Amino acid sequence: MLCMTMVSVTVAFLYSGFTVCGIGGATTIMAAPDKVFIVIELLSFTWTMHVIKNALLTTVSRISYLSMACGVHMDPRLALRETAKYLMGSVSVGSMLVPFTGLLRGSARATAAVVGGHDEFLFSCAYCYSGVASALTSRANRWAFVQVGVYNKDFVAASADTWDSFRQSEMETLIDSDLTAVFCFLCGVAGGATGSLVAGSWALAVHKGYATSLLLYAFIIGYLMCRVAVAGAQACVQAYYIAYADNPQSPQLDPTIPARLQEMKRKMASHIVGYPRMGPKRELKFALESFWDGKSSAEDLEKVASDLRSSIWKQMADAGIKYIPSNTFAYYDQVLDTTAMLGAVPPIYGWNGGEIGFDIYFSMARGNASAPAMEMTKWFDTNYHYIVPELGPDVKFSYASHKAVKEYKEAKALGIDTVPVLVGPVSYLLLSKPAKGVEATFSLLSLLGNILPIYKEVVSELKEAGASWIQFDEPTLVTDLDSHKLQAFSEAYSELESTLSGLNVLIETYFADVPAEAYQILTNLKGVSGFGFDLVRGSKTLDLIKGGFPTGKYLFAGVVDGRNIWANDLASSLETLGALEAVVGKDKLVVSTSCSLLHTAVDLINEPKLDTEIKSWLAFASQKVIEVNALAKALAGHKDEEFFSINAAALASRKSSPRVTNEAVQKAAAGLKGSDHRRATNVSARLDAQQKKLNLPILPTTTIGSFPQTIELRRVRREYKAKKISEEDYTTAIKEEINKVVKLQEELDIDVLVHGEPERNDMVEYFGEQLSGFAFTANGWVQSYGSRCVKPPIIYGDVSRPKPMTVFWSTIAQSMTSRPMKGMLTGPVTILNWSFVRNDQPRFETCYQIALAIKDEVEDLEKAGITVIQIDEAALREGLPLRKSEHAFYLEWAVHSFRITNCGVQDTTQIHTHMCYSHFNDIIHSIIDMDADVITIENSRSDEKLLSVFREGVKYGAGIGPGVYDIHSPRIPSTEEIADRINKMLAVLETNILWVNPDCGLKTRKYGEVKPALSNVVAAAKLLRSQLASAK
């Protein structure tokens, strides 16, 4: 090789000398044609030097390849002669193309990095530019010279075959990270700089007028001469890569490349199921609400969204995450995104085809002047909500939203290859409901064949865009599914198999164990490369995996909790991963989150005021990304000992901290055993006693609790918290707001009033701030639905009530009116389910502690003269386990917790509760067992499904108020519409137990919407009272 290099350098040196003579002569005359001649001469010289370099590279790489791949030692002189005789055509073509494609690819990457996804036009141009560069690189690359020499292929064919072999051997990432070309380039630059220095010094001393020209020529010559000199070494490296790609099992090769590939795979074997969308400071929330209010444009909203997506992708890429999700961002909800993708728009919204825009999308989510919003319900057992698809046999599905492909391209233009995420076709149908007018018995799975063609279109576009992985979320696999429903998964993915060919496919499950039968179906799905499991809430799935996992498939092990904010026990997780590695193989295990991080707060960095010790116990979404990568690195043999030590110290601190344990609280909770805590008399007798005291009309009207929280009201609370206004000024402002709300309700002639909750920031946080064992964040926001965010408190220790929490404001409100004023409390199960709960003791023990604290508050309210007390249990149904076998135990302690809160009040004290946005029919007997005097419950947005349970014969003897209008939509229902709903209720419920009320609290609405809506509610109740009186 040394001899050939010397020959090549000598030839290059001599040729350089002739070139310098020619250019020197032209420079002396310097007429216009001479300038053209100099340019042509320089281009010719550059190309010729590349030909010399690449001829040497082709020859040496051929010799090296044969030696490494086949053990054959070829005579260098023969190799050089054959290159000169047979291969110079391909070498010459390659010498023209490779510098051009290299320059194009480098500039494309730089352009994409600068442009990002911020400007749609520039983004499209950058993406197109990157696509062209990638396509050209696969047809003209420096690695092709090896195959040109070994197989005598033409250069373009050799380039394509080489790139295909890299893909098949999964070497693309390794090739991209190879620094050989960079080293050679820098050697050339160093040579050119040395030449310029020598020539420039001589010119300055002898011919100053030619100094600039000589500097340029000397740099070009020096650069190219050095590139020729190092071409032999570069050829050996390239031959080594190609030899491995052609035959990874070759015994002639050492383990360097496979070890490096395994290290890279393992080092980057990390995955995030999904990430919060709202932004660290709720940027998306404010952008959405500004757009909805007409204060900003669609372009403004899209700009905020694009910036958020870009920052999320870059954050995960910078953290070292390999499998980064895209299309998990949504302007409202990912299921609604899928409805838009499938074109499954109910006719009421007036969509006439084409790409679905914001107008139709948000009409489905929020309603409009002529159509109510679609039903919204809980996402499994979380506090997140989704828009329920409404489907039937007449739905004409079509590919109507290209969001998944657009966002994949957007990330790729940033230089980030993502895993596009789609709600799986079977789960989408199982999460849907029959549309209005469609029989309740209609099989939604019968539509599978109708939606799969759209999924095929989406997948094909993603493949064409360059996606190598795609993730289908199929969370319904963790629920109790019969054989027919499970078979639908096999049918769906068998149908998709040919379309998915060439892609790696991940099926992601979360929130619970996968049942054994579902596990068997899942792990035998065709065309699937990997399976994701929640190993935090689904610990039994570990046994299934250990009992048998398909060979050659990837396991995405969800060991980092995506639903809580406690720091991961890294040592324990690493032990679990080690056990799984022995089952699935070293290169098939991927560290992942248990579910999307959508359900956690965004970043601890935004919590400078949070208690330092408690903060050390926590990990928000941003920290969980780091935990995932730390575990992946540790699994790869690159354990960050300092990071693991800090984690272990934090866990030990939490375990031993005296602020976690309160012996008095634990003793009181233990004393609850042995009693079911029921009130002494039955509900019928209590209602009679309460009616004598309250003297309410039939169909009494009330609201759920909160009234609109105005900008001014929020400002007052914010300034008081920041100590910018005095307690006296704050109290005065809140009293004025309460008085305004009371007067409004009296003017509307509502029967049982509320004080409007102006002092409360959130129905859970407000109470948590006044209970021991709770901590609070400044920016720990979590999306509940749409733009609605909540800031769950953190329950870190035993819970107790140091002093009364609501008595002061409730007694003030009651003093302003002669009508009954409800005392408003949040129930223990809802406080539990809407908090980040400690994970070091069973949830029911924490719930019992909260129940005892609320019990103290209920009894203090009663002593203060409050005769109607509402204990909201909005989230009772939400906490119901996903598996039926676990329902009874949960309902037993949840219902018991509610009864504890009010078991000591008098018969004349009326206990209300409230529930919203869940499917209640399957727990109606547990609701009855709560033994509340009155329950108000969401009904209008769910198409009055609640009423069906009473039509089926369930007898309910307590007071009940199914909601008559959907407060989560800006739409104002008419008096006639509300009266029609009340009549439907009267068809299945007794007149003397029916209450008239909205679905939920009015906090998120504006007074301009609330006043006319409540006026219509009262008018409808009075109309029905009049009709009932006339009918007697």
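Modeller: Rings of Phe, Tyr and Trp (its six-membered ring) are taken to pair if their centres lie within 6.5 Å, and a pair counts as stacked with planes under 30 degrees apart, as edge-to-face over 60 and as tilted for the rest. This is a predicted model, in which local features need pLDDT of at least 70 and side-chain atom pairs count only at pLDDT 80 or more, while totals for chains, interfaces and linings use all residues. Residues are numbered from 1 along each chain as its sequence is written, and side-chain values use heavy atoms, with hydrogens and water left out.

Colleague: Which residues do ring pairs link into a cluster?

Modeller: The cluster consists of Phe291, Trp292, Phe329, Tyr331, Tyr332, Phe358, Tyr361 and Phe362. Two of its rings also carry a charge over the face, a term that requires NZ of Lys or CZ of Arg within 6 Å of the ring centre and within 35 degrees of the ring normal. Arginine 366 lies over tryptophan 292 at 3.9 Å from the ring centre, and arginine 309 lies over phenylalanine 329 at 5.0 Å.

Colleague: How many aromatic pairs are found in the whole structure, and what is the geometry of tryptophan 379 and tyrosine 386?

Modeller: The search of the whole structure finds 37 aromatic pairs. The pair of tryptophan 379 and tyrosine 386 is edge-to-face because the planes stand at 80°, with the ring centres 5.6 Å apart. To place such rings relative to the surface, we call a residue buried under 20% relative accessible area, exposed over 50% and partly exposed in between, using a 1.4 Å probe and protein chains only. Tryptophan 379, at 2%, is buried, and tyrosine 386, at 5%, is buried too.

Colleague: What kind of pair do tyrosine 720 and tyrosine 730 form, and in which helices do they lie?

Modeller: Tyrosine 720 and tyrosine 730 are stacked, with 4.0 Å from centre to centre and 5° between the planes. Helices here are DSSP runs of H or I with at least four residues, strands are runs of E with at least two, and both are numbered from the N terminus. Tyrosine 720 belongs to helix 28 (residues 711-721) and tyrosine 730 to helix 29 (residues 727-748), with their positions 10 residues apart in sequence. At 28% relative accessibility tyrosine 720 is partly exposed, whereas tyrosine 730, at 8%, is buried.

Colleague: How should I read the backbone, and which residue has a positive phi of about 90° although it is not a glycine?

Modeller: That residue is phenylalanine 511, located in the loop between strand 9 (504-508) and helix 20 (516-523) and buried at a relative accessible area of 3%. Leucine 699, also not a glycine, has a positive phi of about 50°; its loop runs between helix 27 (683-694) and helix 28, and its relative accessible area is 0%, so leucine 699 counts as buried.

Colleague: Which residues does isoleucine 272 touch, not counting residues up to four places away in sequence?

Modeller: A contact means heavy atoms within 4.5 Å. By that criterion, and with the same exclusion, isoleucine 272 touches Met316, Ile321, Tyr323, Pro325, Thr593, Leu597, Val625 and Val628. Isoleucine 272 sits in the loop between strand 1 (270-271) and helix 12 (283-292), and at 0% relative accessibility it is buried.

Colleague: Where is leucine 832 placed, and is it buried or exposed?

Modeller: Leucine 832 is in helix 32 (residues 828-833) and is buried, with a relative accessible area of 0%. Aside from neighbours within four places in sequence, its contacts are Val837, Arg843, Thr846, Cys847, Ile850 and Trp893. By contrast, asparagine 352, in the loop between helix 14 (334-341) and helix 15 (358-366), is exposed at 77% relative accessibility.

Colleague: What do the totals say about the chain, beginning with its helices and strands?

Modeller: The chain holds 38 helices and 21 strands, and its C-alpha trace spans about 115 × 65 × 60 Å along the principal axes. Of its 1032 residues, 58% count as buried. Among contacts between residues at least 6 apart in sequence, 78% join residues at least 24 apart.
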